[in-house]
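Please open the structure in your viewer and keep the selection tool at hand. This tour goes from one stop to the next, saying each time what to select and what is there.

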Amino acid sequence: LTVLPFRANAAGEDAIADFTGGADVAEGGVNLDAPEIAENGNTVPIGVSAEGATAIMLLAMGNPTPGVATFNFGELAGSTMASTRIRLAGTQDVVAIAKMADGSFAKATKEVKVTIGGCGG
Amino acid sequence: MADNVKPRVKAPKSASAGEVVTIKTLISHTMESGQRKDSDGNTIPRSIINRFTCEFNGTMALDMTMEPAISTNPYVEFDVTIPESGDLQFTWYDDDGSIYEDTKSVEVG
């Protein structure tokens with residue numbers, strides 16, 4: 001039984017650094033809504049929200065390419081929340097990083113256990 | 001991949017001024033990730049929708065970039081503030097340069 005993310009996270013860390021420009025990322029202030037166990041990695045429902053965010057980036061740290069999506073909230077965004085469905089290659093951490101209006105960053109991490117991977121490997 | 005792409009949007013037809021409404025969108029698209037191989041072992045090239053935007057009367061509400069990790073038939077749910085009567089414009093940008101659009105009118109009464 002493999003429990004831990006099965007790939008090194010270097011690419012994911014690079015993606016985070018690109019997004020934050022190397023700034024410190026605080027824990028908390030971001031809600032990441034993901035199932036604990038996903039039977040099918042091809043379509044995993046994920047929701048993110050963060051009070052006061054201008055953008056939220058979503059990453060799947062164990063995927064072949066960690067980037068998933070970036071939500072940029074415009075002037076008429078009714079709230080800073082969005083949800084979508086994503087692919088996960090296997091059990092891994094899903095990370096949401098919010099860019100706040102004051103230029104700070106916050107993140108949330110959640111492990112999702114995947115029964116059947118979603119990258120056709 | 002420009003065949004059988006059909007956007008579907010669920011949005012209210014009316015709202016009160018300044019109301020926050022929830023929008024649900026889904027577009028049929030294979031979102032080929034570029035990771036899969038065909039039966040001969042050749043990699044199937046990536047072909048996805050890489051960007052989705054929602055504007056109201058030309059003002060941006062959501063601009064989303066998508067990577068191959070977004071599932072087949074991309075589904076997005078989000079909130080938009082409706083300040084006045086007008087149109088919600090939805091645009092999806094395909095890797096191959098195709099642009100798919102949908103519009104929903106919202107009446108403020």
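**First stop: a threonine in chain A**

Select Thr80(A) together with Ala50(A), and you will find that the side chain of Thr80(A) reaches the backbone oxygen of Ala50(A) at 2.5 Å. Keep in mind from here on that what you are looking at is a predicted model. Thr80(A) itself lies in strand 7 of chain A. Now show what surrounds this residue: leaving aside its neighbours within four places in sequence, Thr80(A) is in contact with Val48(A), Ser49(A), Ala50(A), Glu51(A), Gly52(A), Ala53(A), Ile56(A) and Phe73(A).

**Second stop: across to chain B**

Stay with strand 7 of chain A, residues 77-86, and add strand 6 of chain B to the selection, where you can see that the two strands pair in the antiparallel sense over four bridges. To look at one of these bridges, select Ser83(A), whose bridge partner in strand 6 of chain B is Glu77(B).

Which strands make up the sheet that this pair belongs to, and in what order do they come? Select them one after another in the order 2(A)-4(A)-7(A)-6(B)-3(B)-1(B), and you have an open sheet of six strands with antiparallel pairing. At the edges stand strand 2 (31-33) of chain A and strand 1 (7-10) of chain B, each with a single partner strand, so one side of each is left without a neighbour in the sheet. If you look at how the strands cross, neighbouring strands of this sheet are turned by 20° against each other on average, with direction ignored.

At the chain B end of this sheet, select strand 1 and strand 3 of chain B, which pair in the antiparallel sense over four bridges. Here Lys10(B) stands opposite Lys24(B), which is in strand 3 of chain B. While you follow these strands, it helps to remember that in a regular strand the side chains alternate between the two faces of the sheet.

**Third stop: the interface**

Select the residues of each chain that touch the other chain: 30 residues of chain B are in contact with 28 residues of chain A. The area buried between the two chains is about 2300 Å², of which carbon and sulfur atoms give 51%. Between chain B and chain A there are 20 residue pairs in polar contact, counting pairs with both residues at pLDDT 80 or more, whereas the rule finds zero salt bridges across this interface.

Which elements of chain B give two or more residues to the side that touches chain A? They are strand 3 (19-27), strand 5 (59-66) and strand 6 (75-82) of chain B, and the largest share, eight residues, comes from strand 5. If you colour this side of chain B by class, you will find 17 nonpolar, eight polar and five charged residues.

**Last stop: chain B on its own**

Hide chain A and look at chain B, which has zero helices and eight strands, and whose C-alpha trace spans about 60 × 20 × 20 Å along its principal axes. Select strand 7 (residues 86-94) and strand 8 of chain B, which pair in the antiparallel sense over eight bridges, with Gln89(B) opposite Thr103(B) in strand 8. Four residues lie between the strands of this hairpin, in which Gly97(B) takes a positive phi near 95°.

Finally, add strand 2 (residues 14-15) of chain B, which pairs with strand 8 (residues 99-108) of chain B in the parallel sense over two bridges. Here the bridge partner of Ser14(B) in strand 8 is Glu107(B).

Terms used. Residues numbered from 1 in each chain as written. Chains lettered and ligands numbered in written order. Predicted model: local features only at pLDDT ≥ 70, side-chain atom pairs only at ≥ 80, totals over all residues. Heavy atoms only, no water. Contact = heavy atoms within 4.5 Å. Buried area = accessible area lost by both parts, 1.4 Å probe. Salt bridge = Lys/Arg side-chain N within 4 Å of Asp/Glu carboxyl O. Polar contact = N/O pair within 3.5 Å; in protein donor to acceptor, adjacent residues only side chain to side chain. Nonpolar A, V, L, I, M, F, W, Y, C, P; charged D, E, K, R; others polar. Pairing = 2+ DSSP bridges. Axes fitted to C-alpha atoms, helices over the stretch in contact; angles between N-to-C directions.
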